[in-house]
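Please read the following report alongside the sequence and the model, taking the strands, the contact between the chains and the side-chain pairs in turn.

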There are 2 protein chains.
Amino acid sequence: MKYETRLFVGNDNQTKSLAERFDVKRYARRKRISLEEAGRVIRYRFLEEMRNKKGLDFIALGHNATDNCETMLLSLIKGKGLSGIAGIPEKRERIIRPLIDLKSEEIDDFLKKNNIPYVFDTTNLSLSHPRNYLRHLVLPFLREINPNLEETMRHTARILQEEDAYLKEVGAKLKENGVRKISGGYLIDKKIFLSYNFSVRRRVLKELFDDMSYSDIERVADHALDVDIKGQ
Amino acid sequence: MKYETRLFVGNDNQTKSLAERFDVKRYARRKRISLEEAGRVIRYRFLEEMRNKKGLDFIALGHNATDNCETMLLSLIKGKGLSGIAGIPEKRERIIRPLIDLKSEEIDDFLKKNNIPYVFDTTNLSLSHPRNYLRHLVLPFLREINPNLEETMRHTARILQEEDAYLKEVGAKLKENGVRKISGGYLIDKKIFLSYNFSVRRRVLKELFDDMSYSDIERVADHALDVDIKGQ
(Lines give C-alpha, C1' and ligand atoms only; values in the text may rest on other atoms or scores of the structure.)
Protein backbone atom coordinates (compact mmCIF):
# COMPACT_ATOMS: atom_id res chain seq x y z
CA MET A 1 0.00 0.00 0.00
CA LYS A 2 1.17 3.49 -0.80
CA TYR A 3 0.01 6.67 0.84
CA GLU A 4 0.48 9.81 -1.21
CA THR A 5 -0.40 12.57 1.11
CA ARG A 6 0.82 15.61 2.91
CA LEU A 7 1.98 14.38 6.30
CA PHE A 8 1.63 16.41 9.45
CA VAL A 9 4.11 14.96 11.91
CA GLY A 10 3.93 15.77 15.60
CA ASN A 11 7.19 16.43 17.41
CA ASP A 12 8.29 16.22 21.00
CA ASN A 13 7.61 19.84 21.89
CA GLN A 14 4.10 19.57 20.60
CA THR A 15 3.56 16.46 22.70
CA LYS A 16 4.70 18.32 25.80
CA SER A 17 2.51 21.34 25.21
CA LEU A 18 -0.36 18.94 24.58
CA ALA A 19 0.14 17.25 27.91
CA GLU A 20 0.09 20.62 29.63
CA ARG A 21 -3.00 21.78 27.84
CA PHE A 22 -5.20 18.94 29.02
CA ASP A 23 -5.71 17.86 32.58
CA VAL A 24 -5.79 14.13 31.94
CA LYS A 25 -5.91 13.26 35.63
CA ARG A 26 -9.04 15.34 36.23
CA TYR A 27 -10.71 13.96 33.14
CA ALA A 28 -10.00 10.39 34.28
CA ARG A 29 -11.42 11.09 37.74
CA ARG A 30 -14.51 12.79 36.35
CA LYS A 31 -15.27 10.01 33.87
CA ARG A 32 -14.24 7.24 36.29
CA ILE A 33 -11.84 5.72 33.77
CA SER A 34 -8.15 4.82 34.03
CA LEU A 35 -5.42 7.38 33.33
CA GLU A 36 -4.41 5.44 30.21
CA GLU A 37 -7.96 5.38 28.88
CA ALA A 38 -8.37 9.12 29.61
CA GLY A 39 -5.13 9.89 27.77
CA ARG A 40 -6.33 7.84 24.84
CA VAL A 41 -9.69 9.62 24.59
CA ILE A 42 -8.12 13.09 24.84
CA ARG A 43 -5.38 12.24 22.35
CA TYR A 44 -7.79 10.99 19.68
CA ARG A 45 -10.12 13.93 20.23
CA PHE A 46 -7.23 16.38 19.82
CA LEU A 47 -6.01 14.68 16.63
CA GLU A 48 -9.48 14.79 15.09
CA GLU A 49 -9.72 18.49 16.01
CA MET A 50 -6.37 19.18 14.31
CA ARG A 51 -7.32 17.20 11.23
CA ASN A 52 -10.49 19.21 10.90
CA LYS A 53 -8.79 22.56 11.44
CA LYS A 54 -6.10 21.86 8.86
CA GLY A 55 -8.49 20.30 6.36
CA LEU A 56 -6.57 17.01 6.17
CA ASP A 57 -8.01 13.71 4.96
CA PHE A 58 -6.57 11.25 7.42
CA ILE A 59 -4.82 10.90 10.74
CA ALA A 60 -1.90 8.47 10.31
CA LEU A 61 -0.89 6.74 13.54
CA GLY A 62 2.25 4.73 14.18
CA HIS A 63 0.79 1.50 15.61
CA ASN A 64 2.73 -1.52 14.44
CA ALA A 65 2.30 -5.30 14.31
CA THR A 66 3.95 -5.75 17.71
CA ASP A 67 1.50 -3.28 19.27
CA ASN A 68 -1.23 -5.37 17.70
CA CYS A 69 0.04 -8.56 19.39
CA GLU A 70 0.08 -6.79 22.74
CA THR A 71 -3.44 -5.43 22.27
CA MET A 72 -4.83 -8.83 21.29
CA LEU A 73 -3.15 -10.63 24.18
CA LEU A 74 -4.04 -7.97 26.71
CA SER A 75 -7.67 -8.06 25.59
CA LEU A 76 -7.75 -11.84 25.94
CA ILE A 77 -6.20 -11.74 29.40
CA LYS A 78 -8.47 -8.98 30.63
CA GLY A 79 -11.69 -10.46 29.25
CA LYS A 80 -12.44 -7.81 26.65
CA GLY A 81 -14.48 -9.89 24.21
CA LEU A 82 -14.15 -10.27 20.46
CA SER A 83 -13.96 -6.55 19.61
CA GLY A 84 -10.87 -6.25 21.79
CA ILE A 85 -9.27 -9.59 20.96
CA ALA A 86 -9.59 -8.66 17.27
CA GLY A 87 -6.77 -6.16 17.82
CA ILE A 88 -5.90 -2.86 16.17
CA PRO A 89 -7.66 -2.04 12.87
CA GLU A 90 -5.68 -0.75 9.89
CA LYS A 91 -8.36 1.86 9.19
CA ARG A 92 -11.22 3.23 11.23
CA GLU A 93 -13.09 6.29 10.08
CA ARG A 94 -10.46 9.02 9.57
CA ILE A 95 -7.64 7.05 11.20
CA ILE A 96 -5.16 4.99 9.18
CA ARG A 97 -2.19 2.98 10.43
CA PRO A 98 0.31 2.56 7.60
CA LEU A 99 2.86 0.76 9.83
CA ILE A 100 0.47 -1.88 11.17
CA ASP A 101 2.07 -4.74 9.19
CA LEU A 102 5.63 -3.99 10.41
CA LYS A 103 7.17 -5.36 13.60
CA SER A 104 8.51 -2.75 16.02
CA GLU A 105 11.95 -4.31 15.49
CA GLU A 106 11.77 -3.68 11.73
CA ILE A 107 10.89 -0.03 12.32
CA ASP A 108 13.76 0.44 14.80
CA ASP A 109 16.19 -1.16 12.35
CA PHE A 110 15.01 1.08 9.51
CA LEU A 111 15.41 4.24 11.59
CA LYS A 112 18.90 3.27 12.73
CA LYS A 113 20.07 2.17 9.28
CA ASN A 114 18.91 5.46 7.76
CA ASN A 115 20.13 7.65 10.61
CA ILE A 116 16.66 9.04 11.17
CA PRO A 117 16.37 10.72 14.59
CA TYR A 118 13.51 9.52 16.73
CA VAL A 119 12.03 10.06 20.17
CA PHE A 120 12.15 7.15 22.59
CA ASP A 121 9.53 7.25 25.31
CA THR A 122 11.33 5.87 28.36
CA THR A 123 8.03 4.89 30.02
CA ASN A 124 8.01 2.11 27.38
CA LEU A 125 10.65 0.39 29.49
CA SER A 126 8.69 0.38 32.73
CA LEU A 127 7.45 -3.13 33.45
CA SER A 128 4.67 -1.79 35.62
CA HIS A 129 2.69 -1.11 32.42
CA PRO A 130 1.01 -4.39 31.37
CA ARG A 131 1.74 -3.57 27.73
CA ASN A 132 5.50 -3.28 28.31
CA TYR A 133 5.42 -6.28 30.58
CA LEU A 134 3.96 -8.33 27.74
CA ARG A 135 6.38 -6.89 25.19
CA HIS A 136 9.51 -7.61 27.16
CA LEU A 137 8.63 -10.69 29.21
CA VAL A 138 5.91 -12.60 27.39
CA LEU A 139 6.24 -12.03 23.63
CA PRO A 140 9.79 -13.49 23.52
CA PHE A 141 8.40 -16.75 24.95
CA LEU A 142 5.52 -16.80 22.48
CA ARG A 143 7.95 -16.27 19.60
CA GLU A 144 9.61 -19.55 20.66
CA ILE A 145 6.36 -21.26 19.76
CA ASN A 146 5.70 -19.15 16.66
CA PRO A 147 8.62 -17.13 15.26
CA ASN A 148 6.20 -15.34 12.90
CA LEU A 149 4.05 -14.20 15.80
CA GLU A 150 3.35 -10.70 14.48
CA GLU A 151 2.45 -11.89 11.00
CA THR A 152 0.16 -14.65 12.27
CA MET A 153 -1.63 -12.35 14.69
CA ARG A 154 -2.11 -9.63 12.07
CA HIS A 155 -3.73 -12.23 9.85
CA THR A 156 -6.00 -13.39 12.67
CA ALA A 157 -6.79 -9.78 13.59
CA ARG A 158 -8.06 -9.05 10.10
CA ILE A 159 -10.38 -12.05 10.11
CA LEU A 160 -11.66 -11.47 13.65
CA GLN A 161 -12.28 -7.78 12.90
CA GLU A 162 -14.45 -8.74 9.93
CA GLU A 163 -16.35 -11.33 11.94
CA ASP A 164 -16.81 -8.85 14.75
CA ALA A 165 -18.03 -6.20 12.27
CA TYR A 166 -20.58 -8.67 10.92
CA LEU A 167 -21.92 -9.38 14.42
CA LYS A 168 -22.13 -5.62 15.01
CA GLU A 169 -23.95 -5.22 11.70
CA VAL A 170 -26.59 -7.79 12.68
CA GLY A 171 -26.88 -6.07 16.07
CA ALA A 172 -27.42 -2.73 14.32
CA LYS A 173 -30.22 -4.33 12.30
CA LEU A 174 -31.86 -5.56 15.51
CA LYS A 175 -31.66 -2.05 16.99
CA GLU A 176 -32.98 -0.44 13.83
CA ASN A 177 -35.96 -2.78 13.59
CA GLY A 178 -36.70 -3.57 17.20
CA VAL A 179 -35.41 -0.85 19.53
CA ARG A 180 -36.72 2.68 19.95
CA LYS A 181 -35.16 5.24 22.30
CA ILE A 182 -37.65 6.75 24.70
CA SER A 183 -37.11 9.14 27.60
CA GLY A 184 -35.40 7.25 30.41
CA GLY A 185 -34.70 4.11 28.40
CA TYR A 186 -35.56 2.01 25.39
CA LEU A 187 -38.69 0.42 24.00
CA ILE A 188 -37.81 -3.06 22.75
CA ASP A 189 -40.08 -5.04 20.44
CA LYS A 190 -40.17 -8.44 22.11
CA LYS A 191 -40.96 -10.46 19.00
CA ILE A 192 -38.26 -8.87 16.89
CA PHE A 193 -35.74 -9.02 19.76
CA LEU A 194 -36.31 -12.73 20.27
CA SER A 195 -36.09 -13.47 16.54
CA TYR A 196 -32.35 -12.70 16.72
CA ASN A 197 -29.64 -15.06 17.93
CA PHE A 198 -28.80 -14.99 21.65
CA SER A 199 -25.26 -13.69 20.94
CA VAL A 200 -26.65 -10.75 18.99
CA ARG A 201 -29.22 -9.95 21.71
CA ARG A 202 -26.48 -9.96 24.34
CA ARG A 203 -24.28 -7.63 22.29
CA VAL A 204 -27.14 -5.16 21.78
CA LEU A 205 -28.09 -5.15 25.47
CA LYS A 206 -24.45 -4.65 26.46
CA GLU A 207 -24.28 -1.68 24.11
CA LEU A 208 -27.55 -0.08 25.25
CA PHE A 209 -26.98 -0.64 28.98
CA ASP A 210 -23.24 -0.62 29.47
CA ASP A 211 -23.50 -0.34 33.26
CA MET A 212 -25.61 -3.50 33.51
CA SER A 213 -23.89 -6.49 35.08
CA TYR A 214 -22.95 -9.34 32.83
CA SER A 215 -25.25 -11.84 34.55
CA ASP A 216 -28.20 -9.44 34.25
CA ILE A 217 -27.50 -9.02 30.56
CA GLU A 218 -27.43 -12.80 30.09
CA ARG A 219 -30.67 -13.18 32.02
CA VAL A 220 -32.49 -10.55 29.96
CA ALA A 221 -31.00 -11.75 26.67
CA ASP A 222 -31.98 -15.29 27.53
CA HIS A 223 -35.54 -15.25 28.80
CA ALA A 224 -36.61 -12.18 30.78
CA LEU A 225 -38.12 -10.67 27.63
CA ASP A 226 -39.82 -13.96 26.96
CA VAL A 227 -42.53 -13.21 29.55
CA ASP A 228 -44.99 -10.38 29.26
CA ILE A 229 -43.70 -7.08 30.49
CA LYS A 230 -46.07 -4.48 31.93
CA GLY A 231 -47.43 -2.19 29.27
CA GLN A 232 -46.85 -4.62 26.43
CA MET B 1 -23.89 -28.36 38.25
CA LYS B 2 -24.33 -31.92 39.50
CA TYR B 3 -23.72 -35.10 37.59
CA GLU B 4 -25.50 -38.16 38.94
CA THR B 5 -24.26 -40.99 36.87
CA ARG B 6 -22.40 -44.25 36.80
CA LEU B 7 -18.79 -43.35 36.11
CA PHE B 8 -16.46 -45.52 34.10
CA VAL B 9 -12.95 -44.38 34.98
CA GLY B 10 -9.99 -45.40 32.89
CA ASN B 11 -6.82 -46.48 34.69
CA ASP B 12 -3.14 -46.53 33.86
CA ASN B 13 -3.04 -50.11 32.54
CA GLN B 14 -5.88 -49.41 30.19
CA THR B 15 -4.05 -46.37 28.86
CA LYS B 16 -0.99 -48.48 28.14
CA SER B 17 -2.87 -51.24 26.38
CA LEU B 18 -4.71 -48.55 24.44
CA ALA B 19 -1.44 -47.07 23.21
CA GLU B 20 -0.30 -50.53 22.13
CA ARG B 21 -3.52 -51.32 20.34
CA PHE B 22 -3.33 -48.33 18.02
CA ASP B 23 -0.41 -47.39 15.85
CA VAL B 24 -0.64 -43.64 16.37
CA LYS B 25 2.55 -42.95 14.45
CA ARG B 26 1.34 -44.76 11.36
CA TYR B 27 -2.04 -43.09 11.56
CA ALA B 28 -0.37 -39.66 11.77
CA ARG B 29 1.80 -40.41 8.76
CA ARG B 30 -1.10 -41.73 6.72
CA LYS B 31 -3.35 -38.76 7.48
CA ARG B 32 -0.48 -36.24 7.30
CA ILE B 33 -1.28 -34.79 10.71
CA SER B 34 0.87 -34.25 13.79
CA LEU B 35 1.41 -37.01 16.34
CA GLU B 36 -0.58 -35.02 18.92
CA GLU B 37 -3.50 -34.56 16.54
CA ALA B 38 -3.43 -38.26 15.61
CA GLY B 39 -3.43 -39.22 19.30
CA ARG B 40 -6.38 -36.92 19.87
CA VAL B 41 -8.45 -38.36 17.02
CA ILE B 42 -7.78 -41.96 18.04
CA ARG B 43 -8.48 -41.22 21.71
CA TYR B 44 -11.84 -39.61 21.04
CA ARG B 45 -12.83 -42.35 18.61
CA PHE B 46 -11.96 -45.03 21.16
CA LEU B 47 -13.94 -43.26 23.90
CA GLU B 48 -17.01 -42.97 21.68
CA GLU B 49 -16.71 -46.66 20.83
CA MET B 50 -16.55 -47.56 24.53
CA ARG B 51 -19.50 -45.32 25.36
CA ASN B 52 -21.56 -47.01 22.68
CA LYS B 53 -20.54 -50.52 23.69
CA LYS B 54 -21.35 -49.93 27.36
CA GLY B 55 -24.56 -48.03 26.62
CA LEU B 56 -23.45 -44.95 28.57
CA ASP B 57 -24.90 -41.47 28.10
CA PHE B 58 -21.82 -39.30 28.26
CA ILE B 59 -18.05 -39.30 28.14
CA ALA B 60 -16.73 -37.13 31.01
CA LEU B 61 -13.29 -35.68 30.34
CA GLY B 62 -10.97 -34.00 32.83
CA HIS B 63 -10.17 -30.75 31.04
CA ASN B 64 -9.92 -27.88 33.48
CA ALA B 65 -9.89 -24.06 33.37
CA THR B 66 -6.10 -23.97 33.11
CA ASP B 67 -6.21 -26.27 30.08
CA ASN B 68 -8.73 -23.84 28.62
CA CYS B 69 -6.33 -20.88 29.07
CA GLU B 70 -3.59 -22.82 27.29
CA THR B 71 -5.86 -23.81 24.43
CA MET B 72 -7.09 -20.24 23.92
CA LEU B 73 -3.59 -18.78 23.99
CA LEU B 74 -2.10 -21.48 21.81
CA SER B 75 -4.86 -20.98 19.25
CA LEU B 76 -4.25 -17.24 19.23
CA ILE B 77 -0.49 -17.67 18.81
CA LYS B 78 -0.83 -20.28 16.09
CA GLY B 79 -3.48 -18.41 14.08
CA LYS B 80 -6.35 -20.82 14.61
CA GLY B 81 -9.27 -18.42 14.19
CA LEU B 82 -12.30 -17.87 16.40
CA SER B 83 -13.30 -21.54 16.76
CA GLY B 84 -9.91 -22.25 18.34
CA ILE B 85 -9.52 -19.04 20.31
CA ALA B 86 -12.95 -19.73 21.83
CA GLY B 87 -11.31 -22.51 23.87
CA ILE B 88 -12.62 -25.79 25.25
CA PRO B 89 -16.41 -26.26 25.33
CA GLU B 90 -18.10 -27.58 28.46
CA LYS B 91 -20.28 -29.88 26.36
CA ARG B 92 -20.08 -31.08 22.79
CA GLU B 93 -22.31 -33.87 21.58
CA ARG B 94 -21.69 -36.80 23.95
CA ILE B 95 -18.70 -35.21 25.66
CA ILE B 96 -19.00 -33.30 28.93
CA ARG B 97 -16.24 -31.67 30.99
CA PRO B 98 -17.41 -31.33 34.59
CA LEU B 99 -14.06 -29.91 35.78
CA ILE B 100 -13.84 -27.12 33.20
CA ASP B 101 -14.46 -24.32 35.74
CA LEU B 102 -11.72 -25.49 38.14
CA LYS B 103 -8.07 -24.44 37.94
CA SER B 104 -5.56 -27.29 37.72
CA GLU B 105 -4.15 -26.08 41.04
CA GLU B 106 -7.52 -26.48 42.75
CA ILE B 107 -7.81 -30.04 41.47
CA ASP B 108 -4.28 -30.94 42.66
CA ASP B 109 -5.01 -29.45 46.09
CA PHE B 110 -8.23 -31.42 46.37
CA LEU B 111 -6.54 -34.70 45.47
CA LYS B 112 -3.72 -34.13 47.96
CA LYS B 113 -6.01 -32.98 50.78
CA ASN B 114 -8.19 -36.06 50.34
CA ASN B 115 -5.33 -38.51 49.81
CA ILE B 116 -6.72 -39.58 46.48
CA PRO B 117 -4.11 -41.41 44.40
CA TYR B 118 -3.58 -40.06 40.90
CA VAL B 119 -1.41 -40.63 37.86
CA PHE B 120 1.01 -37.89 36.93
CA ASP B 121 2.01 -37.84 33.28
CA THR B 122 5.69 -36.83 33.38
CA THR B 123 5.56 -35.61 29.77
CA ASN B 124 3.54 -32.73 31.26
CA LEU B 125 6.84 -31.38 32.57
CA SER B 126 8.66 -31.32 29.25
CA LEU B 127 8.99 -27.77 28.04
CA SER B 128 9.33 -28.95 24.46
CA HIS B 129 5.54 -29.26 24.34
CA PRO B 130 4.09 -25.78 23.60
CA ARG B 131 1.27 -26.46 26.03
CA ASN B 132 3.61 -27.14 28.96
CA TYR B 133 5.80 -24.27 27.91
CA LEU B 134 2.82 -21.94 28.20
CA ARG B 135 1.69 -23.47 31.48
CA HIS B 136 5.02 -23.18 33.23
CA LEU B 137 6.64 -20.14 31.61
CA VAL B 138 3.89 -17.87 30.29
CA LEU B 139 0.77 -18.27 32.45
CA PRO B 140 2.58 -17.16 35.64
CA PHE B 141 3.43 -13.85 33.91
CA LEU B 142 -0.13 -13.40 32.68
CA ARG B 143 -1.44 -14.00 36.21
CA GLU B 144 0.61 -10.97 37.29
CA ILE B 145 -1.62 -8.88 35.02
CA ASN B 146 -4.82 -10.75 35.90
CA PRO B 147 -4.76 -12.97 39.01
CA ASN B 148 -8.18 -14.38 38.01
CA LEU B 149 -6.87 -15.47 34.63
CA GLU B 150 -8.70 -18.81 34.53
CA GLU B 151 -12.03 -17.33 35.56
CA THR B 152 -11.81 -14.44 33.08
CA MET B 153 -10.85 -16.69 30.22
CA ARG B 154 -13.59 -19.20 30.97
CA HIS B 155 -16.07 -16.34 30.83
CA THR B 156 -14.65 -15.12 27.51
CA ALA B 157 -14.60 -18.69 26.16
CA ARG B 158 -18.31 -19.09 26.80
CA ILE B 159 -19.17 -15.88 24.95
CA LEU B 160 -16.81 -16.54 22.03
CA GLN B 161 -18.13 -20.10 21.68
CA GLU B 162 -21.67 -18.78 21.35
CA GLU B 163 -20.64 -16.12 18.84
CA ASP B 164 -18.69 -18.70 16.87
CA ALA B 165 -21.67 -21.07 16.94
CA TYR B 166 -23.87 -18.30 15.58
CA LEU B 167 -21.46 -17.66 12.69
CA LYS B 168 -21.42 -21.40 12.00
CA GLU B 169 -25.22 -21.43 12.07
CA VAL B 170 -25.44 -18.67 9.44
CA GLY B 171 -22.83 -20.53 7.38
CA ALA B 172 -24.92 -23.71 7.60
CA LYS B 173 -27.90 -21.73 6.29
CA LEU B 174 -25.82 -20.53 3.34
CA LYS B 175 -24.81 -24.13 2.57
CA GLU B 176 -28.35 -25.42 2.92
CA ASN B 177 -29.79 -22.78 0.59
CA GLY B 178 -26.96 -22.13 -1.83
CA VAL B 179 -24.59 -25.10 -2.02
CA ARG B 180 -25.22 -28.52 -3.56
CA LYS B 181 -22.68 -31.35 -3.55
CA ILE B 182 -21.98 -32.73 -6.99
CA SER B 183 -19.45 -35.33 -8.11
CA GLY B 184 -16.00 -33.77 -7.94
CA GLY B 185 -17.06 -30.58 -6.18
CA TYR B 186 -19.88 -28.25 -5.26
CA LEU B 187 -22.49 -26.29 -7.16
CA ILE B 188 -22.79 -22.85 -5.58
CA ASP B 189 -25.70 -20.51 -6.28
CA LYS B 190 -23.98 -17.21 -7.00
CA LYS B 191 -26.84 -14.96 -6.02
CA ILE B 192 -27.49 -16.69 -2.70
CA PHE B 193 -23.75 -16.96 -1.96
CA LEU B 194 -23.22 -13.24 -2.48
CA SER B 195 -26.26 -12.32 -0.40
CA TYR B 196 -24.33 -13.46 2.70
CA ASN B 197 -21.71 -11.45 4.56
CA PHE B 198 -18.11 -11.81 3.42
CA SER B 199 -17.08 -13.41 6.75
CA VAL B 200 -19.74 -16.09 6.37
CA ARG B 201 -18.75 -16.77 2.75
CA ARG B 202 -15.13 -17.18 3.78
CA ARG B 203 -16.02 -19.61 6.56
CA VAL B 204 -18.12 -21.75 4.23
CA LEU B 205 -15.41 -21.88 1.55
CA LYS B 206 -12.81 -22.79 4.17
CA GLU B 207 -15.02 -25.64 5.32
CA LEU B 208 -15.82 -26.95 1.83
CA PHE B 209 -12.27 -26.65 0.48
CA ASP B 210 -9.99 -27.08 3.45
CA ASP B 211 -6.88 -27.54 1.31
CA MET B 212 -7.42 -24.20 -0.48
CA SER B 213 -4.91 -21.48 0.40
CA TYR B 214 -6.12 -18.61 2.52
CA SER B 215 -5.52 -16.01 -0.20
CA ASP B 216 -7.48 -18.08 -2.74
CA ILE B 217 -10.36 -18.35 -0.29
CA GLU B 218 -10.33 -14.58 0.21
CA ARG B 219 -10.28 -13.98 -3.54
CA VAL B 220 -13.20 -16.30 -4.21
CA ALA B 221 -15.19 -15.07 -1.21
CA ASP B 222 -14.59 -11.51 -2.29
CA HIS B 223 -15.25 -11.27 -5.99
CA ALA B 224 -14.38 -14.34 -8.11
CA LEU B 225 -17.99 -15.52 -7.91
CA ASP B 226 -19.12 -12.05 -8.90
CA VAL B 227 -18.29 -12.69 -12.56
CA ASP B 228 -20.00 -15.29 -14.70
CA ILE B 229 -18.52 -18.75 -14.41
CA LYS B 230 -18.68 -21.17 -17.31
CA GLY B 231 -21.85 -23.18 -17.31
CA GLN B 232 -23.76 -20.68 -15.20
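## Hairpins of β4 and β5

In the hairpin of β4(B) and β5(B), 2 residues lie between the strands, and G184(B) takes a positive phi near 85°; strands here, like helices, are DSSP runs numbered from the N terminus, with E over at least two residues for a strand and H or I over at least four residues for a helix. Strand β4 (residues 179-182) of chain B is joined by 4 bridges to strand β5 (residues 185-188) of chain B, and the two run antiparallel, where pairing requires that DSSP finds at least two bridges between two strands. Within this ladder, I182(B) has G185(B) as its bridge partner in β5(B), while R180(B) has L187(B).

In chain A, strand β4 (residues 179-182) and strand β5 (residues 185-188) also pair in the antiparallel sense, over 4 bridges, and I182(A) stands opposite G185(A) in β5(A). The hairpin that β4(A) and β5(A) form has 2 residues between them, and G184(A) in its turn has a positive phi of about 85°.

## Basis of the model

This is a predicted model, in which local features need pLDDT of at least 70 and side-chain atom pairs count only at pLDDT 80 or more, whereas totals for chains, interfaces and linings use all residues. Residues are numbered from 1 along each chain as its sequence is written, chains are lettered from A and ligands numbered from 1 in the order in which they are written, and side-chain values use heavy atoms, with hydrogens and water left out.

## The three-stranded sheets

In chain B, 3 strands form an open sheet of mixed pairing in the order β1-β3-β2. Because β1 (59-60) and β2 (91-92) of chain B each have a single partner strand, they stand at the edges, and one side of each is left without a neighbour in the sheet. The pairing of β2(B) with strand β3 (residues 95-96) of chain B is antiparallel and covers 2 bridges, and I96(B) in β3(B) is the bridge partner of K91(B).

Chain A likewise holds an open sheet of 3 strands, in the order β1-β3-β2 and with mixed pairing. Its edge strands are β1 (59-60) and β2 (91-92) of chain A, each of which pairs on one side only. Strand β3 (residues 95-96) of chain A runs antiparallel to β2(A), the two being joined by 2 bridges, and K91(A) has I96(A) as its bridge partner in β3(A).

## The interface of chain A and chain B

How many residues of chain A are in contact with chain B? The count is 40 residues of chain A in contact with 40 residues of chain B, contact being heavy atoms within 4.5 Å. Between them the chains bury about 3600 Å², 72% of it on carbon and sulfur atoms; buried area is the accessible area (1.4 Å probe) that two parts lose on being put together, summed over both.

Between chain A and chain B there are 4 salt bridges, each a side-chain nitrogen of Lys or Arg within 4 Å of a carboxyl oxygen of Asp or Glu. R202(B) forms a salt bridge with E162(A), with the closest N and O atoms 2.6 Å apart. On the side of chain A that touches chain B, at least two residues each come from α4 (65-78), α5 (82-85), α7 (130-145), α8 (149-178), α10 (198-208) and α11 (214-222) of chain A, and α8(A) supplies the largest share, 13 residues.

## Pairs between distant parts of chain A

Over all chains the count comes to 30 salt bridges. In the salt bridge of E70(A) with R135(A), the closest N and O atoms are 2.4 Å apart. E70(A) lies in helix α4 of chain A and R135(A) in helix α7 of chain A, so this pair ties together parts that are 65 residues apart in sequence.

The aromatic pairs number 5 over all chains, the rule being that rings of Phe, Tyr and Trp (its six-membered ring) pair if their centres lie within 6.5 Å, with planes under 30 degrees apart counted as stacked, over 60 as edge-to-face and the rest as tilted. Y186(A) and F209(A) form an edge-to-face pair, 5.5 Å centre to centre with 90° between the planes. Because Y186(A) lies in strand β5 of chain A and F209(A) in the loop between α10 and α11 of chain A, the pair ties together parts that are 23 residues apart in sequence.
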